[in-house]
Amino acid sequence: MQAQLQSVITEVGRVLLGKEEQVKLSLACLLAKGHLLIEDLPGMGKTTLAHALAKVVGLDYQRVQCTSDMLPADILGVSTFNQQDGSFNFHPGPVFTQVLLADEINRTSSKTQSALLEAMEERQVTVEGETRDLPEPFFVIATQNPSDQSGTYRLPESQLDRFLMRIQLGYPDQKYERQLYEGLDPRDQLRQLQAVVNTAELMQIQNQVNSIQATETLLSYVERLVQFTRSNARLAWGLSPRAALAIIRSARAWALIEGRDHVIPEDVQAVFDAVVVHRLRDGADYSQGDRSLGEWILNSVEVVA
Amino acid sequence: MIPAIQISRQTLVWLFIAQIMVFLPHYSRMPIWLAGLLLVCIVWRVQVYRGHWSYPRRPVKFGLLGLAILFVLLSFPRVLGLEAMVAFLFVAYSLKLLEMYSKRDALVVIYLSLFILMTGFLFDQNILLALYNFITVIVVMTCMIGLNQEKGYVFPLRTFRMSTAMLLQSVPLMVVMFLVLPRLPAFWNVPVQQEGAKTGVSDTMSPGNFVDLTRSDELVMRVTFNGEKPIPQQLYWRGLVFSNFDGRTWRQAEPEQLINRGLGKTVIWYESGSYRFRNDLATMDFEQGERVLDYEVILEETHQPWLFALGVPVPETDGVGLVSDFRLLKQGPVTTRFKYNVYSYPDAVIERDLPQWRRELETAIPEAVNPRSRELATRWYQEAGSDEAYVEKLLDYFNQSFYYTLQPPALGNDSVDEFLFDSQRGFCEHFASSFTFMLRAVEIPARVVAGYQGGEANPYQDYMLVRQYDAHAWTEVWIKDKGWVRYDPTFAVAPERILDGFSRAFEGSEELATTGFGFDDVANLSMFYNLQLQFDRLNYLWARWVLGYDAGKQKSMLEKLLGAYSVARLAMVFLAFSVGFLVLVYLYLLWRERDRTADPAVRLYRRLLKKLSRAGVEIHTSDTPLDIAARSGVANAQELESIMDDFNRLFYQTGRRDRETLDDLSKRVRQWRGRMV
């Protein structure tokens, strides 16, 4: 199993060069049954990551390009009237898939955003009074452009909270960028990717996440981190219990990828930034020398206390 | 002129509050228009702040200043008096608001506030004023803090709390400095005599003087006895001795009349550590007798040099002298509360051998006044046969035919005749005066003594209060072989006056009501009375321990504390106390920061971290056990890694916690010695 996970990472890494951490986070997010938000500039490999991951873990893949004039039905599906037998036929939308890439989710209207986010949360879709289950596993990778770009609708905090993790890809390292220029077209490479696990195996691995041990000492570390965000004046508000659970679940998934049967603080720290930062609003500058909000919080809370 | 920095709103408001608070204690002394001026200036400054009005132009300012100075000149009869000077300060203080453009100007107002605050103590030093001024200082400090706070900071109460905390924190330092720093005598002398102030017993006595005093419940002095206390009948506080009589008014003898012929001096002054006083005292003619009373007097300001003490006093305070007629005198008038210690010998026999010059002084009466009294005196003296029998006869006479009243009729020139034969009603001074006259008429040496009689004990504190209404006059008569003996003709007439004290003697009587004497009415409300006594006790303690803490007291206290007084010793003790205090603070902080974690493993881990950081390993807050092990850079890194691995397992894997593992780990942590590579 450990080998399978490692090969997932290597395989995806072949297409997305030098982004092992992000790949691992994405995988952890998938294993933890969460959804992933990738925030970055256009052309940084968001789609490539989503596509490659879906392919390597052997899941169906659909992609929606969100636009401002999109309606909920464009994602969920529509019923059309069949004149021949006088009945309604449901045409499932792109949401009925295992991996859904919702590209540029913040370009579409709040109404459509809500429809998608509801599907993510409930893992089922209700169209015209009929509730339909979404396939298992169901993994949404949404990408969004930085919110200060034109033509964007900011995702509200309540909906950001639905994403287990938010990651940023960033520019590739110089070394990898050259490899990228020299190598094949990523689209061709994507086509060559082979699944290394099947759906059943993936779901089995997903179920293993819950059995990873998290001791009292570790939980108390998470608790102190959460408490800190609630009591600090720099933050507009603190982390919710849902966020706390998200940290623990993600840390477990991370530990699983690392091949451990127990969570150590390093796991929490590894997923912390991705799980937490999009749920908080930072009220201060980075004059302390911390690179990010997550790092600042980690640097403010004792690991063992 | 456009202000560079607008003074913030909260500072302004606090400043106005401070100004009003600074003004309030002076309210009764200052003319009412000063309050008006201050209010006008405040309103003006508020309008300036709101941008409605502008700062006054120069001519307006000068006009206001001139007007205010004129008003001060008109309001005070003595332009160089203290009140007028304080009023000038107030004028400047108020007007400064109208040119308070910048932070610097506000600072001037703040410093002036502190200065004017202190001037209040020139008039009064009671504990209430001290407390009030302390609060005012807090407000003034609030202004100062506010002035230095950021522009947008608008939490005036928080600023006030900060100021309070800071001043309270400085109190211990203040106390230490008060106790230890040299107590310098005042190097300026302010003429504090207020116009029309009551001065207590005056230096002359004519009929009617004392009545005014009995209408006042003002405090004269507080007396604390060490050891034995006298009984009420013995509480005759001698202050002045009247030897010269002109038929109506008694006066003190001139100093040259009182020169002790053997010594060549009128007064012998007490000087601590000097033998001269002892030697001089030895030449004074008195036999001490058995009992000694040891007591301390705190005299309120009288603006006169006389001090009050019980019979045959020997002073124990520098600057106090003993006059040849055995009363106490102070060098210079008592302008502020004055504290002195006295030993009194109530059984002393004074001047068993009366020198001739004294006999002449104490028997002199003017010719041709009070002829009827002289005649009666001569007749009775012959009938009585001896001096003492004559005295008794006179007292009997007073006892039978006279009565004591607070509303005696006015007397003319032959006051003794009129009193003895016509009105036969009077107050202590009438009795003392005519009694003494009758004695002198037959050449028995006698003199009138004025002072206070009685006093009430404060049940809450072991001391006695003497008030103006205790003012009294009595007579001292020289009897052969007995020396000067005190006779109180008032006692013969109204013994309850002496036994119960003045206010009790007249309790509920109509006389008091009609003389406009209100104290007793209020005193009947016993709760109020108790409160008053409690408060007086507080003021007494204040006067005794704070105001009365002078160089001498300081020295004796320090000697008591240090064994012997020297600067080096003082510095050492001071240092020891400071260090002790800091150690206490340190221990407290240690205790507060102590490790309160219940988990022994966590405590153990923390101990290891402390060891590591002492060894020079840099540890960040976010470092996990494995992080630390990985980049500790210590010499014996392997052992550390193994320990940290164990910790990691202990903390993060279930089922690893047992006594043995922990003990083992504990041992390894203890044995681990950190050393950098």
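**Exercise 1. A proline and its peptide bond**

In which loop of chain A is A:Pro137 found? Work it out, then look at the bond before the proline.

*Solution.* Keep in mind that this is a predicted model. Start with the location: A:Pro137 sits in the loop between β7 (130-133) and β8 of chain A. Now step back to the preceding residue. A:Glu136 and A:Pro137 are joined by a cis peptide bond, with omega at about -20°. For background, most peptide bonds are trans.

**Exercise 2. Positive phi without glycine**

Take A:Lys33 and A:Glu104, and place each one in its loop, then decide whether it is buried, partly exposed or exposed.

*Solution.* First, A:Lys33: its phi is positive, about 60°, although the residue is not a glycine. Its loop runs between α2 (20-31) and β1 (36-39) of chain A. A:Lys33 has a relative accessible area of 37%, so it goes down as partly exposed.

Next, A:Glu104, another non-glycine, with a positive phi of about 50°. It lies in the loop between β5 and α5 of chain A. The cut-off for buried is under 20% relative accessible area. A:Glu104 comes in at 16%, so it counts as buried.

The backdrop for both: most residues other than glycine have a negative phi.

**Exercise 3. Walk along a helix**

Follow helix α5 of chain A from end to end, list its buried residues and say what covers them.

*Solution.* Begin with length. The helix covers residues 110-122, so 13 residues, and spans 18 Å from its first C-alpha to its last, close to the 18 Å expected at 1.5 Å a residue. Then burial: A:Thr112, A:Gln113, A:Ala115, A:Leu116, A:Leu117, A:Ala119 and A:Met120 are the buried ones. Their cover includes α4 (72-76), β5 (99-103), β6 (124-127), β8 (139-144) and α6 (157-160) of chain A. Finally, step off the end: A:Arg123 follows α5(A) and has a positive phi, near 55°.

**Exercise 4. Two helices in chain B**

Describe how α12(B) packs against α14(B), then sort the contact residues by class.

*Solution.* Geometry comes before chemistry. Helix α12 (residues 387-401) and helix α14 (residues 428-441) of chain B pack at about 145°, with axes 11 Å apart. The crossing is right-handed. On the α12(B) side, the contact uses B:Tyr390, B:Val391, B:Leu394, B:Leu395 and B:Phe398, while α14(B) brings B:Phe431, B:Ser434, B:Phe435, B:Met438 and B:Leu439. Sorted by class, that gives nine nonpolar residues, one polar and no charged ones.

**Exercise 5. Find the cores**

Which residues touch the most other members of the largest nonpolar core, and which helix supplies its largest share?

*Solution.* The core has 99 residues, and the ones touching the most other members are A:Leu31, A:Met165, A:Ile297, B:Leu612, B:Met644 and B:Phe647. Helix α11 (residues 241-257) of chain A supplies the largest share, eleven residues. Zoom in on A:Leu31: leaving out residues up to four places away in sequence, it touches A:Leu5, A:Leu202, A:Ile205, A:Gln206, A:Val209, A:Ala253, A:Leu256 and A:Ile257. A second, separate core has 86 residues, including B:Val323, B:Leu394, B:Val448 and B:Tyr452.

**Exercise 6. A lysine in a loop**

Put B:Lys229 in context: its loop, its exposure and what it touches.

*Solution.* The loop between β2 (219-226) and β3 (236-245) of chain B holds B:Lys229. At 44% relative accessibility, this lysine is partly exposed. Not counting residues up to four places away in sequence, B:Lys229 touches B:Leu293 and B:Asp462. B:Asp294 is 65 residues from B:Lys229 along the chain, yet their C-alpha atoms are 8.7 Å apart.

Technical notes
Residues are numbered from 1 along each chain as its sequence is written. Chains are lettered from A and ligands numbered from 1 in the order in which they are written. This is a predicted model: local features need pLDDT of at least 70, side-chain atom pairs count only at pLDDT 80 or more; totals for chains, interfaces and linings use all residues. Side-chain values use heavy atoms; hydrogens and water are left out. Axes are lines fitted to C-alpha atoms, for helices over the stretch in contact, and angles run from 0 to 180 degrees between N-to-C directions. Helices (H or I, at least four residues) and strands (E, at least two) are DSSP runs, numbered from the N terminus. A crossing is left-handed if the near helix is turned anticlockwise from the far one by less than a right angle, and right-handed if clockwise. Contact means heavy atoms within 4.5 Å. Ala, Val, Leu, Ile, Met, Phe, Trp, Tyr, Cys and Pro count as nonpolar, Asp, Glu, Lys and Arg as charged, and the others, Gly among them, as polar. A nonpolar core is a set of buried Ala, Val, Leu, Ile, Met, Phe, Trp, Tyr and Cys residues joined through side-chain atoms within 4.5 Å. Buried means under 20% relative accessible area, exposed over 50%, partly exposed in between (1.4 Å probe, protein chains only). The expected span of a helix is 1.5 Å times one less than its number of residues.
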